[in-house]
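Work through the exercises below with the sequence and the coordinates at hand. Each task is followed by a solution in steps.

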Amino acid sequence: AIAIINECLENQDIDNKYKSSLLLRKAQTYSSIKDYENAKLTYIDLISFKETTGGDPKNLSHLYTELARLQAIEKSGYDAACKSAEKALQYNSLNKYAATLLDQIKSGNFTTVSIDSQAPSTTLSQENQEELALILQKN
């Protein structure tokens, strides 16, 4: 799945909407296979892309919250996780998960919980394969 997504992302003419969707799928796929380092790097790329293209604040808040969750998996990432959770709250002060996550990290009571609404599989569904094939054909 990641190889197909990477192939699509290499296309310079890809529409911003598709690029955002592909980066999110890539980050979620890495997370689902417990490759947290690559998941974090992909979320950082996605956040940077969304900030550059004027992403929705609530969406950016969600992305920063998921990044914070991944950063907090290891205690060495707590400082970065706090910064990401604070950034999530800057984008959406009503993000209760980000607020709770920040409190848990600061108090040392953090427990790993996924906020992804759908856990992606490590292989693409037929529908997703067809969507990616269409993206490749368009570009």
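**Exercise 1. Helix 2 and its two ends**

Task: Describe the span of helix 2, then what is found at each of its ends.

Solution.
Step 1. Helix 2 covers residues 16–32, which is 17 residues. From first C-alpha to last, helix 2 reaches 24 Å, close to the 24 Å expected at 1.5 Å a residue. The model is a predicted one.
Step 2. At the N-terminal end, aspartate 15 acts as the cap of helix 2. One of its side-chain oxygens lies 3.0 Å from the backbone nitrogen of lysine 17.
Step 3. After helix 2 comes lysine 34, with a positive phi near 65 degrees. Lysine 34 is a residue other than glycine, and it sits in the loop between helix 2 and helix 3. Its relative accessibility is 60%, so lysine 34 counts as exposed, the cut-off being over 50%.
Step 4. The buried residues of helix 2 include Tyr18, Leu22, Leu23, Ala27 and Tyr30. Charged side chains are also on that list, among them Arg25 and Lys26.

**Exercise 2. Salt bridges**

Task: How many salt bridges does a search of the whole structure find? Place each pair in the helices and give the exposure of its partners.

Solution.
Step 1. The search of the whole structure returns 3 salt bridges.
Step 2. Lysine 40 pairs with glutamate 37, and the closest N and O atoms are 2.8 Å apart. Both residues belong to helix 3 (residues 36–52), where a spacing of 3 residues is about one turn of the helix. Lysine 40 has a relative accessible area of 16% and is buried, whereas glutamate 37, at 46%, counts as partly exposed.
Step 3. Arginine 69 pairs with glutamate 66, with 2.5 Å between the closest N and O atoms. This pair lies in helix 4 (residues 57–71), its members 3 residues apart and thus separated by about one helical turn. Both arginine 69 and glutamate 66 are buried.
Step 4. Lysine 106 pairs with glutamate 86, the closest N and O atoms being 3.6 Å apart. Lysine 106 is in helix 6 (residues 96–107) and glutamate 86 in helix 5 (residues 78–91), so this salt bridge ties together parts that are 20 residues apart in sequence. Lysine 106 counts as exposed at 55% relative accessibility, and glutamate 86 as partly exposed at 33%.

**Exercise 3. Cysteines**

Task: How many disulfides does a search of the whole structure find? Are cysteine 8 and cysteine 82 buried or exposed?

Solution.
Step 1. A disulfide is a covalent bond between the sulfur atoms of two cysteines.
Step 2. The search of the whole structure gives 0 disulfides.
Step 3. Cysteine 8 has a relative accessibility of 1% and counts as buried. Cysteine 82, with a relative accessible area of 14%, is buried.

**Exercise 4. Confidence**

Task: What is the mean pLDDT of the protein chain, and over which residues does pLDDT stay under 50?

Solution.
Step 1. The mean pLDDT of the protein chain is 84. A value of 70 or more is reached by 79% of the residues.
Step 2. Over residues 113–124, pLDDT stays under 50. For this segment the model has 25 contacts beyond four places in sequence.
Step 3. Where pLDDT is low, predicted coordinates should not be read in detail.

Conventions
Residues numbered from 1 in each chain as written. Predicted model: local features only at pLDDT ≥ 70, side-chain atom pairs only at ≥ 80, totals over all residues. Heavy atoms only, no water. Helix = DSSP H or I, 4+ residues; strand = E, 2+ residues; numbered from the N terminus. Expected span 1.5 Å × (residues − 1). Buried < 20%, exposed > 50% of the residue type's maximum accessible area, 1.4 Å probe, protein only. Polar contact = N/O pair within 3.5 Å; in protein donor to acceptor, adjacent residues only side chain to side chain. pLDDT = per-residue confidence, 0-100. Contact = heavy atoms within 4.5 Å. Salt bridge = Lys/Arg side-chain N within 4 Å of Asp/Glu carboxyl O. Disulfide = S-S within 2.5 Å.
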